[in-house]
Amino acid sequence: MRAKGSNLWASALRDAAPTPYWTDRLDRPVAREPLSGGESTDLVIIGGGYSGLWTALLAKERDPHRDVVLVEAGLCGDAASGRNGGFCSASLTHGLANGAERFGAEVARLERLGRRNLHEIEQTLDRYDIACDWERTGELSVAVEDYQVADLHTAAEDALDFGHDVRLLGRDEVQAEVHSPTYLAGLWDTERVAMVDPARLAWGLRAAAIRLGVRVYEHTPAVKIVRDGSGIAVFTPFGVVRARHGALATNAYPLLRRLRRYLVPVYDYALMTGPLTAAQRASLGWDNRQGLGDMANQFHYYRITPDNRVLFGGYDAIYHFGNRIHSDLERRSATFEKLAEHFFATFPQLKGEVTFSHAWGGVIDTCTRFCPFFGTALDGRLAYAAGYTGLGVGATRFGGQVMLDLLAGQETERTRLRFVRSKPLPFPPEPLRSAGIAITRWSLARADAQQGRRNLWLRALDRAGLGFDS
Ligand SMILES: Cc1cc2nc3c(=O)[nH]c(=O)nc-3n(C[C@H](O)[C@H](O)[C@H](O)COP(=O)(O)OP(=O)(O)OC[C@H]3O[C@@H](n4cnc5c(N)ncnc54)[C@H](O)[C@@H]3O)c2cc1C
């Protein structure tokens, strides 16, 4: 007999491992030794997610003789970079609409640079033989409420104005593409998004950087960074790394006090099903294997893996008072059950048929403009890039380029951008910070339930250029 309602979600989750599917592999790389004693180098990179790994690789590509050291508090690719949805987007600005709203005429250049960035990521994977299940399937945005159909039409017009290859799909067409009764319309951006295995991408970048001579120290947290002689010194429990320059790539765990007002760590969660049978797989259609996302404020993102599992994530975006980050917060049964319920509402043909093998969460570095910001500290010796807000798989490579430009004191097409030179509006301090986020989340949920109507609070935030997203 089939379970009903909440029992069904709970039973589908019963055997889910509370760990990211992507890193739960037997062939994950062996950890590098921690730092032992002092090091001296040209460039020290703090953080071994995509941001730090791209910066290391690009630094070596720009100048193979440059000596580069990377220190990672845990294991490279174990944080957001190894636990995301694997949507690698050309967008640097968390979508075209956000970019156009915030950067005006500059958005055309940002779109071009973002597209080039995606292309160069693809070339890098070829160059270093990085096997990470890269599939240039594009992304299908779906309307699941009447009011979202109009939003999709507007998005299609905007995308066409920028020369994007998009296809607007009516109800029958979108349901023929992917078999969900919830879809009312779809917009398929056919080539500006690739699907990737996120952990294998991080591990591949790490291996390539090591091959080029980058010295990677894992389980080596930086605890303090100071000016030192003509460069900087990075203190770790196992020794000090002295360097001419540094790049801070620590995502939502900023070491610099000045970054804390711009960033809030937001927990995003995902489920992974077990591999579908041939019949279950056929019941979904989805032959073009696009990444999928709906148009709500509290949106879901989902995709299919090469071995025909479905990853289903998003919706809740949870902030904890005082910017709290802790591994206990990576598990949240209320969110997992909600996601399971929404998964079966999206694909009712799988109800009672499919269970989840993994359920996990991870931290996103949200800022009020939803896209990265950049800068330098310690008299220009330390560069930073942060604030990717849930769309950093591709954009972190661009961020690495910006950090290297800034450290070289080079004026480039990138560093001339207002996108690079400006900062987001800061979040207020606690307790206003958590109160403001709670009101915003409540308002966004209400807007989703009320045909997208934004209340006074959201309209005031829109006018001020402030927001909260994942
Ligand atoms: C569940 C989830 C789903 C997501 N889905 C997508 C998606 O589909 N597409 C997309 O584009 N983006 C997505 N994102 C966001 C994306 O994963 C991030 O933007 C991206 O991985 C950021 O890379 P990063 O290197 O800046 O951060 P991280 O991967 O978090 O790396 C930062 C590293 O710095 C290390 N570190 C921190 N402090 C120190 C210290 N003091 N000393 C040394 N090391 C330190 C950490 O251990 C960590 O390894 C998602 C994120 C999550 C959590």
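**Ligand shell and a few loops**

Me: Which residue has a polar backbone atom 2.9 Å from a nitrogen atom of the ligand?
Reply: This is a predicted model, so local features need pLDDT of at least 70 and side-chain atom pairs pLDDT 80 or more, while totals for chains, interfaces and linings use all residues. Residues are numbered from 1 along each chain as its sequence is written, and side-chain values use heavy atoms, leaving out hydrogens and water. Polar contacts here are N or O pairs within 3.5 Å; within protein, one atom must be able to donate a hydrogen and the other to accept it, and residues adjacent in sequence count only if both atoms are side-chain atoms. The backbone partner at 2.9 Å is Ala222.

Me: How much of the ligand's accessible area does the protein cover?
Reply: On its own, the ligand has 1000 Å² of accessible area (Shrake-Rupley, 1.4 Å probe; for residues, only the protein chains shown count as cover). The share covered by the protein is 95%.

Me: Which element gives the largest share of the shell around the ligand?
Reply: In all, 36 residues surround the ligand, each with a heavy atom within 4 Å of it. Helices (H or I, at least four residues) and strands (E, at least two) are DSSP runs numbered from the N terminus. With three residues, the top contributor is β17.

Me: Where does the ligand lie relative to the domains?
Reply: Domain bounds come from an automatic or database assignment. Two domains give residues to the shell, so the ligand lies between domain 1 and domain 2.

Me: Is Thr368 buried or exposed?
Reply: Thr368 sits in the loop between β17 and β18. Contact means heavy atoms within 4.5 Å, and beyond four places in sequence, the contacts of Thr368 include Arg102, Tyr262 and Leu425. Buried means under 20% relative accessible area, exposed over 50%, and partly exposed in between (1.4 Å probe, protein chains only). At 1% relative accessible area, Thr368 is buried.

Me: Which residue has its backbone oxygen 2.6 Å from a polar side-chain atom of Thr368?
Reply: The side chain of Thr368 supplies one polar atom of this pair. The backbone oxygen comes from Leu425.

Me: Which residue does a cis peptide bond join to Glu430?
Reply: Omega of that bond is about 5 degrees. The partner is in the loop between α12 and α13. Glu430 is joined to Pro431.

Me: What is the relative accessibility of Asp129?
Reply: Asp129 lies in the loop between α4 and β4, and its phi is positive, near 55 degrees. Asp129 counts as exposed, at 69%.
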